[in-house]
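Student: Got a minute to go through this one with me? I'd like to start with how the helices pack.

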Amino acid sequence: LEPPKTDQPHIQGPSLWPIGFAIGVACVLVGLIVSTPAVVVGAVIAIVCAMLWIRDATRGYSAPAVVEPETRPARVVAPAAVEDAAEEETFPRSVFLEGATLGLGAVIGGVVAVPALGFMVAPAFVGQHAKRVDVGPITDFPEGQYTITTFLRDPSAGEVSRRTAYVRNNGVVNGDPSFTIISNRCAHLGCPVQPGGPIFEDKKKTATTGAGEEVTIIPMLPAGGFVCPCHGGAYDQEGNRVAGPPVRALDRYEFEVRDGHLVLLGTYSVAYVKDTGANARIKKYQLQNPGDTVRGIESWLYPIQPHS
Amino acid sequence: MATVQTKKSGSRLVQVANYPLDWLEERSGLVGGVKYFLFRKVPADIGWFHTLGSATLTAFIVQVTTGVILAMYYKPDPNSAYESIQHITNDLTLGWLVRGMHRWGASVFIILMFFHMARVFLFSAYKYPRELNWIIGVLLLATGMFEGFTGYLLPWDQTAYWASVVGININGTAPFLGPFIAQFLRGGAEIGPDTLARFYSLHMLVLPGALFGLIGLHLYLVIRLGVSPNPWTKDGAGAKRTEVAPTARSGLTRPSSRGKAE
């Protein structure tokens, strides 16, 4: 019986550069969404790691194989002329063709897959900043009274983008008009919160602003604050959570007054509000998804928000 | 010449009837493949519980068929989606039936998947060597549930809209990646026309494609590994061997010895 061959040639450990390459590619993809410098950094990482990876992978072919000392004697004892001839061909044709086929296949697959997947994912994240919305002259908003104001957030998208804000004119404070503008998107899971009080439909006003967008303004009295029909979240008149599952106060709109018109800007998230009306001190955060906390340990679970 | 014919003594009529099958078999081997699939041996003591997998497959086929037909009339656009659903239900001949089959069939599909999973779990049919098939089954369950979620938005009525808002925002509460998942599902920072079209595409192209592939793998493994014997069966895997042991099935391979009696 022939003894089993235990003399195995030393096998190189797996290269770690693919991991660096993957990190670089991930950095590029994240950077495409977040920031341009990150794309450059990611690209550099990816290219450097790719070159090192290639160098690692082709080491066996490009340089004479480093033979482990203990395997050398076995080969010296019985050198076969045929083996020498075979060893001289360090990069056989078949290996090259195999690599070329796989490599070309990967390139073709990448050329197709990267734009397709990018087109699937990127539009959801790029250019998502809120448009400015003119909701009409500030005289439409009676002082000290809440109104249900609906408007098109994105007129090009049509009625599907109709949003509701609860707007209260706090009057003029230090020469500047003051407004409380609360989003009706529940901070629990995004259902529309409703005013807990009478709605004066007969005093409904409609205004046409901008490119034929219709704005409706209905005065109301949210004596019981705001309540959500889905899971019973309840808020006071300033949007502070008072009961139910919401994790923070209601979001608010930033606004400006231009040529006597109230213009809504972006939305921001609110942890809580102290005091009321024009004196409100708002604990303000970048806009978060409903259900995501903005402060405390739980907010560490949501370190990055995709909204730009 | 023909390989299908088992009865050489068939009448001329039978030969004529078999000719197309022989023609097909000679060129593709498909007839033999179908026969292999349909006439494979199964443990003797399996019963109605073992039909739940086929029932789930049938429910899936019903969903595919009715879904394809519904797609001929449905319009995935916020301005016309609701109207097109009303048109299907109220105006088109038999539209109410096909939509109803698809709507209720969706629940049937999900419920049968759970029953099938319970059967496999309680009968220990997920054990070696069938773990991979359990894993594929889990993926099928997740994909099937995602089908249900994406399909729920398509009627574009108040229930559909707000249920999807809540569903997307539940995804948004997942740690770290949640807000990104939610924004991907929405197709933007807000729900809009793209959300409906996106859900439609996922519902009728991406997810069914995934389901087809996974079901193919699932069935391949069922055929390759055979139907598992009942855990209480005398000749099942791990059970005490009887005196007739040498010819008894191991339960881990396709049964072969049982057929010898024929």
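**Helix packing and a strand trio**

Tutor: α6(B) and α7(B) are oblique to each other, oblique being what is left after under 35 degrees (roughly parallel), over 145 (roughly antiparallel) and 65 to 115 (roughly perpendicular). This is a predicted model, where local features need pLDDT of at least 70, side-chain atom pairs count only at pLDDT 80 or more, and totals for chains, interfaces and linings use all residues. Residues are numbered from 1 along each chain as written, chains are lettered from A in written order, and side-chain values use heavy atoms, without hydrogens and water.

Student: What's the angle between α6(B) and α7(B), and how far apart are their axes?

Tutor: About 135°, with the axes 7 Å apart; angles run from 0 to 180 degrees between N-to-C directions, on lines fitted to C-alpha atoms over the stretch in contact. Helices here are DSSP runs of H or I, at least four residues, and strands are E runs of at least two.

Student: Which residues of α6(B) make the contact?

Tutor: Phe149(B), Tyr152(B) and Leu153(B), contact meaning heavy atoms within 4.5 Å. On α7(B), the partners include Tyr161(B) and Ile168(B).

Student: Switching chains: is β3(A) mostly covered or open?

Tutor: Mostly covered, as nine of the 12 residues in β3(A) are buried, meaning under 20% relative accessible area with a 1.4 Å probe, protein chains only.

Student: And which strands pair with β3(A)?

Tutor: β2(A) does, antiparallel over seven bridges, and so does β4(A), antiparallel over eight. Pairing takes at least two DSSP bridges.

Technical notes:
Buried < 20%, exposed > 50% of the residue type's maximum accessible area, 1.4 Å probe, protein only.
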